[in-house]
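Here's a quick walk through one protein, starting with its main pocket. Have the structure open as you read.

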Amino acid sequence: LLVDRDEETTARLANSLGVTASSYDEIAKECRLIFVGVKPNLVAQVLTQLRPALQAREDDVAVVSIAAGVKIEDMCAVVGDNIPVIRMMQNTPVALGEGMMVYACSPAANEDDVAELKIAMSCAGRLDALAEDKIDAATAVMGCGPAFAYQFVEALADGGVACGLTRAQAQLYAAQM
């Protein structure tokens, strides 16, 4: 299920991703894991919309935030300390199934919440538990690292072209090294 604050955007994204357009209320009532992937300044607004249905649930639910810099305690202040919150950060290679993700949990989160997260994210790469105060450092390493690697690969490809390979060959060989 997917929701955006704009109905047209929700419909367009749901269609392009092959998922169901939904509402905040339905997602809060139905989903086991609720991923909040918005700009950091919008997290509290989204969580405020989810809170009533989250608080009414009697089954397992967890909120997973992928918003940079938004701390677990700030999210718990909105949804309540009884709702499990997981703060997760990832890098761009998750789109290829080769990413790195780190996460930290609120005190309300349990092993089942983490197990569900691991299942949900297994196709995206590796997932590692980390103390929340280390997430920003990990994000800097794993998030910026690919950009440096891309520059290195580009430099290798340039060298290959200088030695007579076609650009396509040089990029393929450098990327696969």
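## The largest pocket

Let's begin with the volume: the largest pocket comes in at about 900 Å³. Keep in mind that this is a predicted model. The lining of this pocket is made up of 33 residues. If you want to find the centre, look for Leu2, Phe35, Val36, Gly37 and Ile66, the lining residues that lie nearest to it.

## Who lines it

Several elements give two or more residues to the lining of the largest pocket. On the helix side these are H1 (7–17), H2 (24–30), H3 (43–56) and H5 (111–121), while the strands are E1 (33–36) and E3 (85–90). Which element gives the most? That's E1, with 4 residues.

As for chemistry, the lining of the largest pocket splits into 27 nonpolar residues, 3 polar and 3 charged.

## E1 and its partner

E1 also pairs with E2: the two strands run parallel and are joined by 4 bridges. One pair to pick out is Ile34 and its bridge partner in E2, Val63. To get from E1 to E2 the chain passes through H3, making a β-α-β crossover that is right-handed. H3, then, is both the helix of this crossover and one of the elements giving two or more residues to the pocket lining.

## How confident is the prediction?

The protein averages a pLDDT of 95, and 100% of the residues score at least 70. Among its elements, strand E2 (residues 62–65) has the highest mean pLDDT, at 98. Helix H6 (residues 135–162) has the lowest, at 92.

How values were computed: Residues are numbered from 1 along each chain as its sequence is written. This is a predicted model: local features need pLDDT of at least 70, side-chain atom pairs count only at pLDDT 80 or more; totals for chains, interfaces and linings use all residues. Side-chain values use heavy atoms; hydrogens and water are left out. On a 1 Å grid over the protein atoms alone, a cavity is a set of points where a 1.4 Å probe fits but cannot get out, and a pocket is an open set with protein on both sides within 12 Å along at least five of seven lines; lining residues have an atom within 4 Å of a point. Grid points are joined across faces, edges and corners, and a volume is the space filled by probe spheres set on the points. Ala, Val, Leu, Ile, Met, Phe, Trp, Tyr, Cys and Pro count as nonpolar, Asp, Glu, Lys and Arg as charged, and the others, Gly among them, as polar. pLDDT is the predictor's confidence in each residue, from 0 to 100. Two strands pair if DSSP finds at least two bridges between them. A crossover is right-handed if, with the strands pointing away from the viewer, the path from the first strand over the helix to the second runs clockwise.
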